[in-house]
Amino acid sequence: SKHETKPFDDEPRAARRRPFITLAYAQTLDGMIAAKTSNDESKATTTSNMRLSSPQSTVLTHQLRNMHDAILVGGSTFLVDAPRLNVRLQPDTNKMDSMTQQPIPVVLDTHLNALQQVLWGEVLPPLAADHDDEEELVLPQDMQVDNIRANNPVICCSSDAAKVFLDHLEIFQLQQTQQTKRQKIAYTITVYKLVDEENNHEEDLYLPIKISVQVVEIKTQSMSTTTFTLLPCQVDQITNSLDLRHVMSQMYNHFEVDSVMVEGG
């Protein structure tokens, strides 16, 4: 059938103040939407990389992605599957179209545990309140930025997690400059942080933080750059997870996201 470009619902954008949400998933006959990565319950996580549907459904999924402004997954999917969260298949050719306008990849990662495991292979220890332990805290020597396959993903997290993550980045960069052995890889980390000058900095805690990591291989001088954006959001005090209403409001206000396709699991 022919798809027309039109709003998903009749409610005006200004009245909604949040994106329209679509849930998309494939399900087995017994009601499962994901497979476990291990039979050991203590080590098992779920992955969406087990094919449950047909090639035609995969093309339809990409067509649906193309109809939305953003694609959203959880932190576990971001960690286990390393998804690209983009449009790669077109219904007519089953091939990627370089002219396709790609949706924004969005990840829900309240405490940034998934992001830390993606980059460093572990959840980093917390810092002391006075940061006196910075010199004693030894971080991994390398950062696996190539594990982030999505293009400039927006990672929604708590404001506290964002602050601690920036502190860890600062320590990582400092330890890189203090290494005495010959380095094989050099990292340059740039942080772009907005401030709320109009409202006396009232919204500083909830403004996007863009992080760019440039990696240079010393021997070959080859260079690559990975960029991702932290989007601090409010936390539901009962569930200790992100307040989804505020998440959607943040995406709408800061990235002009009118429609979100939730594709986790």
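Biologist: What makes Ile21, Leu23, Tyr25 and Ile33 a nonpolar patch on the surface?

Modeller: In this predicted model, these four side chains together have about 420 Å² of accessible area (Shrake-Rupley method, 1.4 Å probe, with only the protein chains shown as cover). A nonpolar patch joins Val, Leu, Ile, Met, Phe, Trp or Tyr side chains within 5 Å, from residues with over 30% relative accessible area and no salt bridge (a Lys or Arg side-chain nitrogen within 4 Å of an Asp or Glu carboxyl oxygen). Local features need pLDDT of at least 70, side-chain atom pairs count only at 80 or more, and totals for chains, interfaces and linings use all residues. Residues are numbered from 1 along each chain as its sequence is written, and side-chain values use heavy atoms, without hydrogens and water.

Biologist: Why is Tyr25 called exposed?

Modeller: Tyr25 has 54% relative accessibility, so it counts as exposed (over 50%; buried is under 20%, partly exposed in between; 1.4 Å probe, protein chains only). Tyr25 lies in the loop between β1 (20-23) and β2 (35-36).

Biologist: How do you know that the length of α5 agrees with its number of residues?

Modeller: Helices are DSSP runs of H or I with at least four residues, and strands are E runs of at least two, numbered from the N terminus. The expected span is 1.5 Å times one less than the number of residues. For the 19 residues of α5 that gives 27 Å, and the end C-alpha atoms are 28 Å apart, which agrees.

Biologist: Which elements do the buried residues of α5 pack against?

Modeller: They pack against α4, β6, β7, β8 and β9. Among the buried residues of α5 are Phe165, Leu166 and Leu169, and Ile211 touches these three (contact: heavy atoms within 4.5 Å).

Notes. Patch = residues over 30% accessible without salt bridge, like charges linked within 9 Å, V, L, I, M, F, W, Y side chains within 5 Å. Lists of a residue's contacts leave out its neighbours within four places in sequence.
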